[in-house]
Amino acid sequence: MRNVTFTGVKFENPFLLSSAPPTESESNIMRAFDAGWGGVVVKTIGLHPVVNVHGARTKFFRTTPDDNNVSMKKRAGAALHGSWNWELISDKSLDWWVPRIRRMKEAHPTKVVIASIMAGSGSDKELRAWQTLTQGCQDAGADGIECNFSCPHMDRKDMGSNIGKDEGLCSVVTEAVKEVAKIPVWTKLTPATQDIVVEAAACFRGGADAIVSSNTFPSLPIIDPETLEFEINVDGFVSSGGLGGPAILPLSLANMARMCQAFPDRAFSAIGGVSDFSQAASYFLLGAGTVQVCTAAMLDQAIGPNVIKRLNAGLDAFLEKHGFNSIEDFRGARRDRVVLQSQIRRPAGDAYQGGYEPVEGYAAPDSPVLSS
Ligand SMILES: Cc1cc2nc3c(=O)[nH]c(=O)nc-3n(C[C@H](O)[C@H](O)[C@H](O)COP(=O)(O)O)c2cc1C
């Protein structure tokens, strides 16, 4: 069976659209529910006015098989490498979102709507803003709150990923939200930190019901060697943006593994580079209970109707193949397979060739020395 209960909320299936363009409007979310997504995390809502940069907010890196060139330029035969964005949170107000959340839940009572919210953390007024946002979304019928401690584009030192890089702020803001929340509170952390386990612990101390990881990784577009301009820029300027999609899958898996090992009994919602069940399976096997998707859905009719079909069909086939009944039968089954390097077996005695086995990327052991 596909259904899961995660932080006390019942999901028809464990797959959600993450907070991003696929969930920026009521019509997108209604279409997503019709397409089969178990839930959505609404595009992050704040109380501050939001004005995005001029021009494109997201572009996609693609790579060519012959030379592994990564570029935003469209080329025939190139495969997706990642998304790059510098989009801010929703430019719609809380008042705009409240009746829409209510209507979504009325139309789809069995689907899950999580409200992503964001405010600052530098004053009591900002902490009250988190509470206002929580109360507004919860009264509208949201099933849960996701605190955005991870937006990588904020200049303000007390906002976005700057909260997620500071364990004190993670705890204080989570506590403020928990003070008024009657529904589960998830916190979405940034990967741009030295040890995400530290911030996860701080969120749990503040009362978080689940940790969500990952948001996008800080990154830059490449500079076109012909024009000498960044491939995405405004008047020649660029700022650090966020990398998502296939490129971040192994990075996000590593963070998920560390958190699931540190807190094996806690709830985790995984994000990063998922486009079909094979990637989602890795996150479940490490211990995550739900999986969220952004980039793959953006590139599939903006809300991922084919992506969710593949995820559901892949889950069914996986359960059948391995004789499992539900996600709980295999969740975390590979959590303890990530160990210290020193615990990995070395070849015994004669079998050891000093690391010169013929493998991809290394010269053959008997390669001649080239003289210049
Ligand atoms: C254009 C764009 C806008 C995004 N906006 C938000 C946002 O408002 N709030 C948030 O928590 N994450 C936001 N994200 C991050 C995604 O929800 C997700 O964490 C990230 O893209 C990694 O998932 P993926 O590899 O499936 O793309 C955004 C991502 C993109 C590409």
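**Why the labels stick**

Colleague: What makes Asp316 and Arg2 a salt bridge?

Modeller: Their side chains meet with N and O 2.6 Å apart. The label asks for a side-chain nitrogen of Lys or Arg within 4 Å of a carboxyl oxygen of Asp or Glu, so the pair at 2.6 Å qualifies. The two partners come from distant parts of the chain, 314 residues apart: Asp316 sits in helix α10 (residues 305-322), and Arg2 in the segment before β1 (4-6).

Colleague: Before we go on, what sort of model is this?

Modeller: A predicted one, where local features need pLDDT of at least 70, side-chain atom pairs count only at pLDDT 80 or more, and totals for chains, interfaces and linings use all residues. Residues are numbered from 1 along each chain as its sequence is written, and side-chain values use heavy atoms, with hydrogens and water left out.

Colleague: Why do you call Asp316 partly exposed?

Modeller: Buried means under 20% relative accessible area, exposed means over 50%, and partly exposed is in between (1.4 Å probe, protein chains only). Asp316 has 32%, so it is partly exposed. Arg2, at 31%, gets that label too.

Colleague: What about Asp158 and Arg156: why is each one called buried or partly exposed?

Modeller: Asp158 comes in at 15%, so it counts as buried, while Arg156 at 33% is partly exposed. Their side chains meet in a salt bridge too, at 2.9 Å from N to O.

Colleague: How do you know that Glu328 and Arg331 form a salt bridge?

Modeller: The closest N and O atoms are 2.8 Å apart, and that is within the cut-off, so they count. Arg331 is partly exposed, with a relative accessible area of 26%.

Colleague: How many salt bridges are there in the structure?

Modeller: The structure holds 15. Glu26, Arg100 and Arg103 are tied together in a network of them. As a rule, side chains of opposite charge can pair when their charged atoms come close.

Colleague: Over to the ligand. What makes Lys43 a polar contact?

Modeller: A polar contact is a pair of N or O atoms within 3.5 Å; within protein, one must be able to donate a hydrogen and the other to accept it, and residues adjacent in sequence count only if both atoms are side-chain atoms. A side-chain N or O atom of Lys43 is 2.8 Å from a ligand nitrogen, so it passes. Lys188 passes as well, with a polar side-chain atom 2.9 Å from a ligand oxygen. Asn215 passes at 3.4 Å, to a ligand nitrogen. Taken alone the ligand exposes 610 Å², and the protein buries 98% of that (Shrake-Rupley areas, 1.4 Å probe).

Colleague: Which residues around the ligand come nearest?

Modeller: Ser19, Thr44, Gly245, Gly273 and Thr295, out of 24 around the ligand; near means a heavy atom within 4 Å.

Colleague: And the sheet: how do you know that β5 and β7 pair?

Modeller: Strands are DSSP runs (E, at least two residues), as helices are (H or I, at least four), numbered from the N terminus. Two strands pair if DSSP finds at least two bridges between them. Strands β5 (residues 58-63) and β7 (residues 79-85) have six, in the antiparallel sense, so they pair. One example is Arg62, whose bridge partner in β7 is Leu80. Likewise, three bridges join β7 to β13, with Asn85 opposite Gly242 in β13.

Colleague: What makes β6 and β12 edge strands?

Modeller: Each pairs on one side only. The order in this open, antiparallel sheet is β6-β5-β7-β13-β12. For β12, that partner is β13 (residues 241-244), over three bridges, including Pro218 with Gly242.
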